[in-house]
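Me: Hey, got a minute to go through this one with me? I'd like to poke at a few spots in the fold.
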Amino acid sequence: MASPALDNEPQHTTDPSSAQAGSSSRMALAAKIALVVVLVAELMDVLDQSVVLTAVPTLQQSLGASPAAVQWLTAGYALTLAVGLITGGRLGDTYGRRKIFLIGTAVFTLASLLCGLATSTGMLIAARVLQGGGAAVMIPQILATLHVTFDAADAKHRSRAFTLYGAVLSVGAVLGPVLGGVLTEADLLGLGWRPIFLINLPIGLAVVILGRHFITESTAPKAERLDLTGMLLSALAVVLIVFPLTEGHTQHRPLWSIAMLAGGLLVLGIFLRHQRGKDTPLVVLSLFQNKAFSGGLSAQLLMGLLSGMFFMTWTLYLQRGLGMSPLQAAVAFVLIACGEVAGAVIAMKTTGRYGRRVPQTGALFAVASMTLYGIQISSRQAGLTLLAMTAPLLLLGLAFGTLGGPLADMSLAKVPHENAGSASGLFNTAVNFGIALGTALTALVFFSTTGGSPDAAVNRDAFTGVLWWVGSAFALMWALMFSLPKRADSQAD
């Protein structure tokens with residue numbers, strides 16, 4: 001018989017709704033931590049693509065590097081990254097996106113250590129190539145993980161996650177040269193340029209530890225053996241196309257570069273034909289039947305193209321055309337970064353409601369920025385100050401901030417989860433192809449005018465011409481984004 005005292009005590013029963021709410025809260029926290037982890041990994045990659053640029057003079061003096069060797073410090077990383085992105089994406093689909101992400105991050109971190117310990121130019125270039133290989137395995141898992149973690153049915157949280165991804169991508173690309181200059185000039189512990197690589201060690205280790213605990217593992221439901229023939233054909237096609245685009249223009253487009261490019265296009269055709277007959281292809285060609293994915297991929301290619309064209313020529317314009325010091329040029333980069341942060345915040349709050357109109361508005365902002373900047377340069381010539389160009393630079397940053405995240409979100413929204421890795425690899429490959437193509441086009445739209453001359457007036461005139469090319473690319477992006485969903489909440493339809 002029960003005691004009256006016991007009868008009066010509170011019953012320690014579990015409320016099912018309360019338990020479910022607690023479990024949902026823990027899952028939400030894990031998803032937020034996973035988001036931070038993958039975005040930090042993305043930031044490491046973006047920074048390392050450009051952080052070396054402002055350290056070049058110190059590197060040359062320290063290692064006795066030739067100009068050709070200095071070029072390979074960036075080209076070696078970029079080429080290896082471009083070669084491995086498609087394969088890296090499919091590896092995640094097949095063997096587990098978290099597992100492959102952690103392996104890629106570990107390789108990237110180890111390569112960063114080897115870069116920091118390099119005692120010769122050859123050793124540094126080899127470490128940079130290994131670093132690019134690690135990034136090629138790591139990076140495709142980021143978009144794929146975001147895609148499967150934040151479901152399209154939850155438009156609000158998904159758009160926020162992808163907007164943050166776009167913000168990190170844009171701000172990291174702008175701040176890379178700034179960070180490289182600050183760390184090199186600080187000469188921490190007398191290490192000179194080495195901290196620009198060694199800073200990745202604690203960050204990479206934290207990403208591996210936290211990623212192992214908080215990223216949910218995901219694979220394609222019917223993952224089978226990897227298509228090795230497809231891997232070799234895709235890698236060969238990328239090398240044959242990207243290498244002459246990145247290196248050929250520095251040698252005035254010799255015959256070998258044209259032949260290599262033609263061979264790359266031929267191998268690409270063979271690769272696509274090979275993929276049609278595969279049950280589990282490296283590239284899922286049915287993805288291109290999705291209008292949003294095809295249009296978004298084309299817009300992403302243009303984003304890379306105009307970035308490669310603008311930032312290289314803009315740096316030369318600031319220092320040669322206006323006579324700015326490297327530090328003053330770094331401040332100009334910071335102005336764009338500030339605009340990007342503001343644009344990312346706006347996109348985070350509005351994309352869920354307005355859909356494609358947000359990135360399309362960003363593209364129009366960019367066109368307006370290019371127009372305003374071109375008018376300023378033409379009217380003020382050598383008298384244009386950093387303060388005077390604040391408005392167009394902030395507007396351009398605002399445009400980049402409202403473009404990157406929403407573009408990725410809506411392009412991948414209707415991609416089946418089992419093909420997330422393949423789609424992510426293609427999306428990242430598109431921007432790297434675009435950067436290579438944009439860099440190559442600088443020979444046509446900028447260096448054909450300057451002829452490499454340091455004359456200020458010549459560099460100002462050449463850069464004014466570049467602005468019209470970049471503005472046209474933004475206008476084309478605006479048109480391509482009509483293929484994206486009208487509203488973010490229609491992504492799950």
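Me: Which helix gives the most to the nonpolar patch?
Reply: That's α5, with three residues in the patch. Keep in mind that this is a predicted model.

Me: OK, and which residues form that patch on the surface?
Reply: Leu110, Leu114, Leu117, Met123 and Leu130. Together they have about 400 Å² of accessible area. Two elements each give two or more residues to it: α5, covering 97-117, and α6, covering 121-149.

Me: Take leucine 114 then. Where does it lie, and how does its accessibility count?
Reply: Leucine 114 lies in helix α5. It counts as partly exposed because its relative accessibility is 31%.

Me: How do α5 and α6 pack, angle-wise?
Reply: The angle is about 155°, and the axes are 7 Å apart. An angle over 145 degrees counts as roughly antiparallel, so that is how α5 runs relative to α6.

Me: What's the handedness of that crossing?
Reply: α5 and α6 cross in a left-handed way.

Me: Is there another helix pair to put beside it? What about α14 and α17, at what angle do they pack?
Reply: Helix α14 (residues 357-380) and helix α17 (residues 456-480) pack at about 165°, with axes 9 Å apart. That angle makes α14 roughly antiparallel to α17. Their crossing is left-handed.

Me: Switching to charges. How many salt bridges does the count come to?
Reply: Three. One of them joins the side chains of aspartate 48 and arginine 128, at 4.0 Å from N to O.

Me: Which helices does that pair tie together?
Reply: Aspartate 48 is in helix α2 (residues 16-50) and arginine 128 is in helix α6, so the bridge links parts that are 80 residues apart in sequence.

Me: And are aspartate 48 and arginine 128 buried or exposed?
Reply: Both are buried.

Me: Remind me, why would two side chains like that pair up at all?
Reply: Side chains with opposite charges can pair when their charged atoms come close.

Me: Fair enough. What does aspartate 93 meet in a salt bridge?
Reply: One partner is arginine 90, with 2.6 Å from N to O. Arginine 97 also meets aspartate 93 in a salt bridge, again listed at 2.6 Å, N to O. The shared partner joins Arg90, Asp93 and Arg97 into one network.

Me: How are aspartate 93 and arginine 90 placed in their helix?
Reply: They are three residues apart in helix α4 (residues 67-95), so about one helical turn separates them.

Me: Is aspartate 93 buried or exposed? And what about the two arginines, 90 and 97?
Reply: Aspartate 93 counts as buried, because its relative accessibility is 1%. Arginine 97 is buried too, with a value of 1%. Arginine 90 comes in at 10%, so it also counts as buried.

Me: New topic: contacts far along the chain. How far is the C-alpha of alanine 167 from that of leucine 43?
Reply: The separation is 9.8 Å, for residues 124 apart along the chain. Alanine 167 lies in helix α7, which covers residues 155-186. With a relative accessible area of 12%, alanine 167 is buried.

Me: And what is the C-alpha separation for leucine 210 and alanine 34?
Reply: That one is 7.7 Å, and the two residues are 176 apart along the chain. Leucine 210 sits in helix α9 (residues 200-214). It counts as partly exposed, because its relative accessibility is 37%.

Me: Last one. What's the phi of leucine 189?
Reply: Leucine 189 has a positive phi of about 55°, although it isn't a glycine.

Me: Where is leucine 189 placed, and is it buried or exposed?
Reply: It is in the loop between α7 and α8 (195-198). The relative accessibility of leucine 189 is 83%, so it counts as exposed.

Notes. Residues are numbered from 1 along each chain as its sequence is written. This is a predicted model: local features need pLDDT of at least 70, side-chain atom pairs count only at pLDDT 80 or more; totals for chains, interfaces and linings use all residues. Side-chain values use heavy atoms; hydrogens and water are left out. Patches are made of residues with over 30% relative accessible area and no salt bridge: like charges are joined within 9 Å, nonpolar side chains (Val, Leu, Ile, Met, Phe, Trp, Tyr) within 5 Å. Accessible areas come from the Shrake-Rupley method with a 1.4 Å probe; for residues, only the protein chains shown count as cover. Helices (H or I, at least four residues) and strands (E, at least two) are DSSP runs, numbered from the N terminus. Buried means under 20% relative accessible area, exposed over 50%, partly exposed in between (1.4 Å probe, protein chains only). Axes are lines fitted to C-alpha atoms, for helices over the stretch in contact, and angles run from 0 to 180 degrees between N-to-C directions. Angles under 35 degrees count as roughly parallel, over 145 as roughly antiparallel, 65 to 115 as roughly perpendicular and the rest as oblique. A crossing is left-handed if the near helix is turned anticlockwise from the far one by less than a right angle, and right-handed if clockwise.
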